Amino acid sequence: MKTRSLPLQIGLIVVPVALALLLTALLILAVGADPLAVFQTVWEGATRDSRSFGQVVNFWMPLTLVGVGLIVTFTAGLWNIGVEGQMVMGAVFATWAALSLDLPQPLLVAVEILLALLGGGLWAALVGVLKTRLGVHEIFGGVALNALANVLLIYLISGPWQPPEGGSVRGTPPFPDAAIPTFLSDTFKVSLVAILIVLAAAVAVVLALRGTRWGLELKATGKNARSALLLGVPTRRAAMSAFIVCGALAGVAGLYRVLFTFVSASLRPGVSGGIGFLGVLVVLLVAVRPLGVPLVTFIFALVLGGSARLQIALGLDASLAGVLQGSLVLIVLLFNGLRGRLAAREEITEAAAHE
Amino acid sequence: MDIELQHIHKHFGPVHANNDISLSFRGGRIVGILGENGAGKSTLMKILSGFQPMDGGEIRINGARAAYTGPQAAIRHGIGMLQQDPLDVAAFTVLENFIYGQAGGLTLKRREGRARLEQICRRFGFSLEADTPIAQLSIGQRQQLEIVRLLSQGVKTLILDEPTTGISAEQKTILFNALRDLAARDGMCILLVSHKLEDVIALCDEVAVLRGGRLVGTRDMPATTGELVAMMFGQELPPQTRQPLNLEGAETVLALENLTLRGKRVIVENLSLRVRAGEIVGLAGLDGSGQEMLLRACVGLLKPVSGRVIVGGETLTGAPYRTFLARVVAFGAAGRLEEGLVAGLTLTEHIALVTETGALVDWSRARCHTQERLRQYNVRGRPESRVETLSGGNQQRLLMALMPACPLLMALEQPTRGLDVDSARWIWQQLLARRANGTAILFSSAELDELTAYSDRILVFYAGRIFEIPDASRASVDELGRLIGGHFDGAAGA
């Protein structure tokens with residue numbers, strides 16, 4: 001297969017983005033607003049002060065973790081829709097440590113991370129067992145386990161972990177200070193350690209996919225499990241490991257959400273914030289190329305973070321950001337489809353030319 | 001109705017599935033379309049019935065050029081095809097399925113439909129109840145329904161793809177009588193695609209034989225099984241040229257004891273076989289007669305229902321494929337890109353899968369290995385190319401490059417399928433070099449000359465039954481042909 005020229009590659013990324021912006025602008029015009037003002041408001045909403053930008057970063061990080069995790073499962077040819085539930089279970093496991101262990105700060109945070117890895121990994125392993133041993137498709141298994149994780153979350157919040165002042169489903173009591181990594185400043189509520197851990201995990205996974213036998217086996221399994229098996233790849237083990245790695249990363253993403261999303265760290269309903277599903281869109285958008293993940297997740301975080309301001313500044317609903325996101329994904333997928341058809345046609349004409 | 005096919009071409013990627021086929025069919029005749037798997041007969045029939053567009057050529061109906069796309073359009077031109085798996089809707093009843101294919105307005109004319117259905121069924125002795133759900137019908141009955149439906153749509157040419165697979169003997173008799181009647185009384189043109197030579201002999205007035213995408217000939221019936229097989233497989237049998245190997249005292253590499261294998265359509269029962277080091281055993285037979293099941297059972301890809309599989313003295317019955325692989329058993333499937341190579345992976349990635357066994361992959365070392373092996377195995381392709389861009393011959397050589405160098409046993413499905421003469425010869429040089437080192441080889445083939453040229457022994461499969469030719473060098477095409485066609489009785493040999 002020919003590798004495409006660099007300008008063409010860039011074009012295939014830039015053109016759909018431009019088209020998505022255009023489509024969104026038309027929609028904004030249709031509701032009677034000024035597209036430029038909207039874009040400007042979103043940008044300002046995301047970057048006007050360190051507090052806002054801190055929120056953007058704190059959305060960007062878990063989304064990146066999930067995106068990188070999903071790169072692993074997509075490489076193995078698996079649709080890990082259960083990633084939402086895996087985030088929830090990571091958060092739940094870590095919350096247990098935060099609420100019940102009395103340890104010094106670095107140790108307690110380390111235990112939280114380990115438990116988040118364990119919780120997400122276990123929940124993903126369930127999907128994997130259902131898939132590889134019992135023949136349940138991972139999408140169905142994932143959806144079921146998502147629901148189950150959310151039920152468990154609500155039960156814990158409204159039952160055993162409810163705050164002392166009484167039953168509510170708002171969340172657990174705030175975590176003790178020892179359970180929370182130190183922020184960079186009071187206004188920029190971001191933890192450097194957390195960011196470094198996220199980036200290290202992302203880099204490690206990308207390197208592992210490229211440079212280890214594990215990564216090669218995942219790729220072979222994802223492209224053709226039957227042939228991979230015949231070439232000696234333990235395909236079931238490959239699938240299981242992909243689920244577990246993705247789930248573990250999602251679990252840590254869940255912990256990140258618990259620690260840095262709300263005004264005070266606590267486990268609350270909707271802890272995943274839809275990041276799991278958003279992560280699937282991200283990976284589709286970058287066509288399973290890992291390097292695109294942090295870029296696209298940053299843009300998503302920026303747009304979603306900034307759009308909260310639309311209501312205040314322009315009286316528009318913040319869901320416009322969702323429209324932009326949706327049209328972007330749709331158009332990029334459309335382009336990928338077109339590219340696929342184009343490639344297929346090229347191959348056929350080439351083959352005919354060889355006769 | 002007369003049909004003329006003129007210079008039909010069809011490509012699938014690099015495969016020339018139909019290569020300049022010109023044929024004509026006359027009304028009132030039953031014509032058998034013969035050929036092995038991949039010969040192009042199904043493709044040709046799908047083109048004729050509108051299921052696939054052709055790349056070049058012309059179809060003329062009663063002398064006039066006919067251009068149509070899609071099966072419905074073909075039916076309007078009077079050509080209907082009965083698929084191997086009937087195209088009906090399982091949730092509906094016989095009557096509903098019958099009505100849905102009909103021309104006409106939006107309203108369903110149930111009463112008329114029922115009358116017409118019953119009338120046609122009565123004529124041919126079909127046993128169809130109008131209100132039975134499809135799910136309760138046998139394959140034979142669904143086939144009858146499909147025929148009835150096509151007839152009521154005014155079809156004048158009926159194409160049947162392997163119609164006798166999975167139906168009872170009684171249904172077969174009814175079907176054949178109906179087809180004869182349609183040809184004789186209605187002047188219809190019946191085209192029968194079949195592997196089963198006895199069906200062709202029983203039913204057809206003439207046959208057209210395809211091989212490798214080309215028309216190799218037509219002839220009027222009657223003909224013997226041997227004559228038909230000779231046309232399907234090619235006539236010439238070159239003398240065996242390889243060095244005879246002394247197998248005296250060679251150890252047994254593979255032993256199968258009272259093996260019973262169950263496939264979708266075929267059951268192989270109570271098979272016992274010993275293969276010694278350095279021995280080559282050819283498996284002959286029409287596709288799906290059980291030889292693929294045997295090959296897969298030898299490497300752990302098919303679990304036997306009963307019996308034992310012993311490799312190198314070790315009983316491995318029921319063990320997973322990877323256990324066999326660890327005992328250095330190699331398997332090569334007929335579909336190279338489906339089973340064997342991974343489309344989307346580069347050549348280097350393939351080689352790395354078998355050479356880079358540590359946790360870390362050293363890509364520059366893998367690249368060196370790849371270049372070395374590509375040279376050694378004469379694969380024309382760059383290390384960074386994706387495997388699906390290789391030609392069939394290069395893919396097959398790459399598969400050889402991926403196999404262990406000195407396996408105990410190789411089980412190969414049609415190792416030279418689709419290859420040109422040079423590529424096929426090269427593959428066999430490699431295989432013979434391995435056998436000289438003591439590798440035992442089991443292979444299936446659709447080429448009689450390949451079987452007789454390279455095998456020490458030949459096992460002929462017919463519907464799961466097996467006939468052994470202990471000395472392949474003495475086999476004649478005629479004898480092989482008769483055996484492949486199922487005439488085991490009275491044959492010489494063990």
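Below is a chat about a predicted model with chains A and B.

Colleague: Start with chain A. How many helices and strands does chain A have?

Modeller: Chain A has 13 helices and zero strands. Read from the N terminus, the elements are α all the way along.

Colleague: What does the radius of gyration say about how compact chain A is?

Modeller: The radius of gyration of chain A is 22 Å, and the globule rule gives 20 Å for 355 residues. Those two values are close, so chain A is as compact as a globular protein of that length.

Colleague: And what box do the C-alpha atoms of chain A fill?

Modeller: Roughly 80 × 55 × 30 Å, taken along the principal axes.

Colleague: What share of chain A is buried?

Modeller: Buried residues are 46% of the 355 in chain A. As for contacts in chain A with a separation of 6 or more, 75% are between residues 24 or more positions apart.

Colleague: Over to chain B. What domains does the assignment give?

Modeller: The domain assignment of chain B lists domain 1 as 3-223, domain 2 as 237-328 + 406-494, and domain 3 as 342-403. Domain 2 is written as two stretches, and domain 3 is numbered between them.

Colleague: What separates the centres of domain 1 and domain 3 of chain B?

Modeller: 44 Å, with the centres taken over C-alpha atoms.

Colleague: I see a sheet in chain B. Which strands form it, and in what order?

Modeller: Four strands of chain B form an open sheet, ordered β12-β11-β14-β15, with antiparallel pairing. The edge strands are β12 (267-276) and β15 (314-315) of chain B, each of which pairs on one side only.

Colleague: How many bridges join β11(B) to β12(B)?

Modeller: Seven bridges join β11(B), residues 252-262, to β12(B). If you want a pair to look at, Leu254(B) stands opposite Val275(B) in β12(B).

Colleague: Which helix packs on that sheet?

Modeller: Helix α9 of chain B, residues 291-298. Helix α9(B) touches β11, β12 and β14 (306-311) of chain B, and its direction makes about 125° with that of β11(B).

Colleague: Now the contact between the chains. How many residues does each chain put in?

Modeller: Chain B puts in 28 residues and chain A puts in 23.

Colleague: Which elements of chain B give two or more residues to that contact?

Modeller: α10 (321-326) and α11 (347-355) of chain B. α11(B) gives the most to the side that touches chain A, with four residues.

Colleague: How do the residues on chain B's side divide into nonpolar, polar and charged?

Modeller: The side of chain B that touches chain A has 15 nonpolar, seven polar and six charged residues.

Notes. Residues are numbered from 1 along each chain as its sequence is written. Chains are lettered from A and ligands numbered from 1 in the order in which they are written. This is a predicted model: local features need pLDDT of at least 70, side-chain atom pairs count only at pLDDT 80 or more; totals for chains, interfaces and linings use all residues. Domain bounds come from an automatic or database domain assignment. Two strands pair if DSSP finds at least two bridges between them. Two residues are in contact if their C-beta atoms, placed from the backbone, lie within 7 Å. Axes are lines fitted to C-alpha atoms, for helices over the stretch in contact, and angles run from 0 to 180 degrees between N-to-C directions. Ala, Val, Leu, Ile, Met, Phe, Trp, Tyr, Cys and Pro count as nonpolar, Asp, Glu, Lys and Arg as charged, and the others, Gly among them, as polar. The radius of gyration is taken over C-alpha atoms; the globule rule is 2.2 Å times the number of residues to the power 0.38. A residue is buried if 20 or more other C-beta atoms lie within 10 Å of its own, exposed if 12 or fewer, and partly exposed in between; C-beta atoms are placed from the backbone.
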